[in-house]
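Me: I have a structure open and some quick things to ask. Can you walk me through it?

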Amino acid sequence: MTALRPSVLVPLIAGLALWQGIVTGLDMPAFILPGPVRVGETLWHSRALLADHALVTLAEILLGLGLGAALGWATALGLAWSPAAARVMRPFLVFSQAVPVFALAPIFTLWFGYGLGSKIAMALLIIYFPVTSAFFDALSNTPRAYLDQARVMGASPARILWCIRMPAALPGLLSGLRLAAVYAPIGAIIGEWVGASRGLGYLMLLANGRAKIDLMFAAVIVVALMTVGLHRAVDALARHVEKRWCG
Amino acid sequence: MITNAPALRFDGRVRAGQAVLAGPVTLEAPAGRWTCLLGPSGVGKSTLLQCFAGLTDGLDIEGQVQGPGGRVALMAQSDGLLPWLSLVANVTLGDRLRHRRPDPERAEALLARVGLGDLLRRRPGALSGGQRQRAALARTLYEDSPVVLLDEPFSALDVATRAKMQDLAAAELAGRTVLHVTHDPAEAARLGDHILVMTARGIHTVTGARDPIPRAPDAPDTLAITGQLTRHLLEAA
């Protein structure tokens, strides 16, 4: 496991020790700042509760990520296929990102309800532009030598897009998906803050309101761990795809 | 043996906007023969290859390009090997791009002949510059095209490997129309049925030896033509 190398482990332990030192030294009350030991205990004791809400949030994130990535991927391909479409659509794409997505969360709750729908929509919207933009930029920058070679070999434009430009752009798509893996949980959590009855975002608000700060921290840690796991899964998936593309 | 290899002919000049990239010039590469094209850098040799390869985006051609008609194989100066594919998959790329069934056995045989038989499953990133150039040569030979355009195809090779690859290319491409851009007079003297020197003033034909190619590097004729070409290029500079 690369995550457990000394270079990661040592500062982690040092950080936790510092945290516990501040809490113990300043005699912080647990409803202001609980120490890592207390948070660890809560993580363990409330594991069923946390897992229950985490599953809901995970479902929202995965669906939002999958749909957003697929839509972004398809949009980028469409734009790469048609330069005219790219000229028309580009300003709209930039504008869609200029809209403060968080401000839309209440409207999404109104439109898509208190359930999964509004959270998926938030996650989707928040990742759509980074994926589209990263992939489209990569598709537009295929090395000239690859394109020339393929044209001389008699490849159709569709074939060049599929077999040359797409795999050449996979690193770009991958960097977009990496960003998306980090953004999608933010979208889902915000969606849950605005209106939900389940999920880690809902649990955070609830715990905060009842001064169960240890539970809130525990929920934050679960979200962070989920995000890291997602990031790694995206990475592994992309490498797997890259090896087998158009082989 | 290829029997339907067409002749190539270019007559005119090539511009990109205001800049003249090549010509005015008349170039002829006879059907089924090996033509070498020498000349100082920047005179437009690669541009003419591009015109024959149909890579004319952004170029204004004032004049005529005749041939190649059908499919062409181009070995450009940059090898264009795709970093995500193995060597075998790179060599058979053309077939996959044309929706045809690739022949990995033939690709492996060609890679073995260029001396890369132990590296079939490697990616290009793991190769040296000379190995990459030989992989690109194998890909060009795999294309099995009646017209073959070579742009400094042996420039990254050591002397012994270069001589071997020249022999291999001469054998594999016999009967095809080959237009071969090179900076090496000795290479042109070995391989050229016809040898052309391109300068700013136009194209000049240097009478080659009558021996069939590839000629021995130390044959008197080869050495004499090497010297003659070198002098010609010196005078043009």
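**Helix packing first**

Reply: H4(B) and H5(B) are oblique to each other. Bear in mind that this is a predicted model.

Me: At what angle do helix H4 and helix H5 of chain B pack?

Reply: About 135 degrees, with their axes 9 Å apart. Angles over 145 count as roughly antiparallel and 65 to 115 as roughly perpendicular, so this pair is oblique.

Me: Is the crossing of H4(B) and H5(B) right-handed or left-handed?

Reply: Right-handed.

Me: Which residues make the contact?

Reply: From H4(B), they are B:Arg106, B:Ala107, B:Leu110 and B:Leu111. H5(B) brings B:Ala138, B:Leu141 and B:Tyr142. By class, that contact has six nonpolar residues, one charged and no polar.

Me: New topic. How is chain B divided into domains?

Reply: Domain 1 covers 1–71 + 146–237, and domain 2 covers 81–144. Their C-alpha centres lie 24 Å apart. Ten residues of domain 1 of chain B and nine of domain 2 of chain B form the contact.

Me: Which helix gives the largest share on the domain 1 side?

Reply: Helix H6 of chain B, residues 159–172, with five residues. The domain 1 side has seven nonpolar, one polar and two charged residues.

Me: And the two chains? How many residues does each put into the contact?

Reply: Chain B puts in 18 residues and chain A 17 residues. On the chain B side, strand E5 (72–75) and helix H3 (93–97) each give two or more. H3(B) gives the most, four residues.

Me: What classes are on that chain B side?

Reply: Eleven nonpolar, four polar and three charged residues.

Conventions:
Residues numbered from 1 in each chain as written. Chains lettered and ligands numbered in written order. Predicted model: local features only at pLDDT ≥ 70, side-chain atom pairs only at ≥ 80, totals over all residues. Contact = placed C-beta atoms within 7 Å. Nonpolar A, V, L, I, M, F, W, Y, C, P; charged D, E, K, R; others polar. Domains from an automatic or database assignment. Axes fitted to C-alpha atoms, helices over the stretch in contact; angles between N-to-C directions. Parallel < 35°, antiparallel > 145°, perpendicular 65-115°, else oblique. Left-handed = near helix turned anticlockwise from the far one by under 90°.
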